[in-house]
Amino acid sequence: MSGFRHALSDTLVLAKRSFLRIPRAPDLLLSFTVQPIMFVLLFVYVFGGAIETPGYEYVDFLMPGIIVQTMVFGAASTAVG
């Protein structure tokens, strides 16, 4: 269990450092909140009719993709920090 506690502690330290950077670089807040919303709107309303998914809704594939993309961009930003 101590390995899990260390991982949780490290995660909290990195999260705190990232949150402390937001007042000095407000573009980070915009990129992590506006970007996923913008991608969802873009891919649903602009490109949504262009891709055929027989038997499935396009949004069923889109939302997990946007969530994973946001997590990867956040992880990259954390790794650089």
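Reader: Let's start with Phe47. How does one read its relative accessible area: is Phe47 buried, exposed or partly exposed?

Author: Happy to help. Keep in mind that this is a predicted model. The general idea is that a residue under 20% relative accessible area is called buried, one over 50% is exposed, and anything in between is partly exposed. With a value of 37%, Phe47 is therefore partly exposed.

Reader: And where in the chain is Phe47 found?

Author: Phe47 is in the loop that joins H2 to helix H3, the latter spanning residues 58-80. In space, its C-alpha is 44 Å from that of Arg5, with the two positions 42 residues apart in sequence terms.

Reader: Now Ile37, please. Which helix holds it, and is it buried or exposed?

Author: Ile37 lies in helix H2, which covers residues 26-46. Its relative accessibility is 54%, and the cut-off for exposed is over 50%, so Ile37 counts as exposed.

Reader: How far is Ile37 from Ile66, along the sequence and in space?

Author: Those are two separate readings. Along the sequence, Ile37 and Ile66 are 29 residues apart, while their C-alpha atoms are 9.0 Å apart in space.

Reader: Which residues make the nonpolar surface patch?

Author: Both of the residues we have discussed belong to it: Ile37 and Phe47 join Leu41, Leu42, Tyr45 and Val46 in a nonpolar patch of about 620 Å².

Reader: What about Tyr58: buried or exposed?

Author: Here the cut-off of under 20% applies, and Tyr58 has a relative accessible area of 16%, so it is buried. Tyr58 is part of helix H3. From the C-alpha of Tyr58 to that of Leu42, a patch member, the separation is 13 Å, and the two residues are 16 apart along the chain.

Reader: Stepping back, how many helices and strands does the chain have?

Author: The chain has three helices and zero strands, giving the pattern α-α-α when read along the sequence. The radius of gyration is 17 Å, well over the 12 Å from the globule rule for 81 residues, so the chain is more spread out than a compact globule. Along the principal axes, its C-alpha atoms fill a box of roughly 45 × 35 × 15 Å.

Reader: What share of the residues is buried, and what is the accessible surface made of?

Author: Buried residues account for 12% of the 81 in the chain. The accessible surface is about 6500 Å², and carbon and sulfur atoms contribute 72% of it.

Reader: One last item: how far apart are the mean positions of the positive and negative charges?

Author: The chain has 5 positive and 5 negative charges, and their mean positions are 27 Å apart.

Notes: Residues are numbered from 1 along each chain as its sequence is written. This is a predicted model: local features need pLDDT of at least 70, side-chain atom pairs count only at pLDDT 80 or more; totals for chains, interfaces and linings use all residues. Side-chain values use heavy atoms; hydrogens and water are left out. Helices (H or I, at least four residues) and strands (E, at least two) are DSSP runs, numbered from the N terminus. The radius of gyration is taken over C-alpha atoms; the globule rule is 2.2 Å times the number of residues to the power 0.38. Buried means under 20% relative accessible area, exposed over 50%, partly exposed in between (1.4 Å probe, protein chains only). Accessible areas come from the Shrake-Rupley method with a 1.4 Å probe; for residues, only the protein chains shown count as cover. Lys and Arg count as positive and Asp and Glu as negative; His and the chain ends are not counted. The place of a charge is taken as NZ of Lys, CZ of Arg, CG of Asp or CD of Glu. Patches are made of residues with over 30% relative accessible area and no salt bridge: like charges are joined within 9 Å, nonpolar side chains (Val, Leu, Ile, Met, Phe, Trp, Tyr) within 5 Å. A salt bridge is a side-chain nitrogen of Lys or Arg within 4 Å of a carboxyl oxygen of Asp or Glu.
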